[in-house]
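Colleague: Before I plan any bench work, I would like to go through this model with you, one question at a time.

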Amino acid sequence: MALYKPYLDVPGTTIFDAEQSRMGYHLNQFCMSLMKAANRERFKANERAYLDEWPMTEEQKLAVLARDLNRCIAAGGNIYFLAKIGATDGKSFQYMAASMTGMTQEEYAAMMLAGGRSAEGNRVVGEQARGEHTGAKK
């Protein structure tokens, strides 16, 4: 029997729960391997060959190769582990977060400095369509 997950209807949000952890175990372990310089060099020398040493799904490998962090998260990746890929590529966490939103790093920084993304319409799927009010002042 599946657990009740009331958080599944939060738009654009993947909660790293036990199910995600199990699905992404090898992907996240691969990411952690990048903490060692020798592994980073092996990965950079031949990314596909290094990925093939890990029992990851083909989707996980392709997501890493594409540096598509949203796909990596959907495949069980945890952003704190995935940050090791960005560090290996010489990218900041801010750069990585921006890439997940479709914004440039500068646009993302400006949004965050202005207070971040509005919660209006982003609390539950269909919030605006149902006309529900969740406590925020309109």
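Colleague: Does Asn28 count as buried or exposed?

Modeller: Please keep in mind throughout that this is a predicted model. Asn28 has its place in helix H2, which spans residues 25–33, and, leaving out residues up to four places away in sequence, it touches Phe16, Gly76, Gly77, Asn78 and Phe81. The cut-off for burial is under 20% relative accessible area, and because the relative accessibility of Asn28 is 3%, this residue counts as buried.

Colleague: Which residues have the most contacts inside the largest nonpolar core?

Modeller: In soluble globular proteins, nonpolar side chains tend to be buried together. Here the largest nonpolar core has 17 residues, and the elements that each give two or more residues to this core are H2, H4 (47–51), H5 (58–66), H6 (69–74) and H7 (79–88). Those with the most contacts inside the core are Leu27, Phe30, Phe43, Val64, Leu82 and Ile85.

Colleague: With which residues is Phe43 in contact, leaving aside its neighbours within four places in sequence?

Modeller: Phe43 is one of the residues with the most contacts inside the largest nonpolar core, and Phe30 and Val64 are also among them. Both Phe30 and Val64 are in contact with Phe43, and the full set of its partners, with those sequence neighbours left aside, is Phe30, Leu34, Tyr50, Leu51, Val64, Arg67 and Thr88.

Colleague: What is the relative accessible area of Leu65?

Modeller: Leu65 lies in helix H5 and, not counting residues up to four places away in sequence, touches Glu47, Arg48 and Leu51. The C-alpha atoms of Leu65 and Glu47 are separated by 7.3 Å, although these residues are 18 apart along the chain. Leu65 is nevertheless partly exposed, and its relative accessible area is 31%.

Colleague: How are H8 and H9 oriented to each other?

Modeller: The axes of H8 (residues 93–101) and H9 (residues 105–113) come within 8 Å and cross at roughly 95°. Gln94, Tyr95, Ala97, Ala98 and Thr101 in H8 meet Gln105, Tyr108 and Ala109 in H9, a contact that by class has five nonpolar, three polar and no charged residues. Angles of 65 to 115 degrees count as roughly perpendicular, and H8 and H9 are therefore roughly perpendicular.

Colleague: Over which residues does pLDDT stay under 50?

Modeller: The mean pLDDT of the chain is 86, and 85% of its residues reach 70 or more. For the stretch you ask about, the model has eight contacts beyond four places in sequence, and the stretch where pLDDT stays under 50 is residues 131–138.

Conventions. Residues numbered from 1 in each chain as written. Predicted model: local features only at pLDDT ≥ 70, side-chain atom pairs only at ≥ 80, totals over all residues. Heavy atoms only, no water. Axes fitted to C-alpha atoms, helices over the stretch in contact; angles between N-to-C directions. Helix = DSSP H or I, 4+ residues; strand = E, 2+ residues; numbered from the N terminus. Parallel < 35°, antiparallel > 145°, perpendicular 65-115°, else oblique. Contact = heavy atoms within 4.5 Å. Nonpolar A, V, L, I, M, F, W, Y, C, P; charged D, E, K, R; others polar. pLDDT = per-residue confidence, 0-100. Buried < 20%, exposed > 50% of the residue type's maximum accessible area, 1.4 Å probe, protein only. Core = buried A, V, L, I, M, F, W, Y, C linked by side-chain atoms within 4.5 Å.
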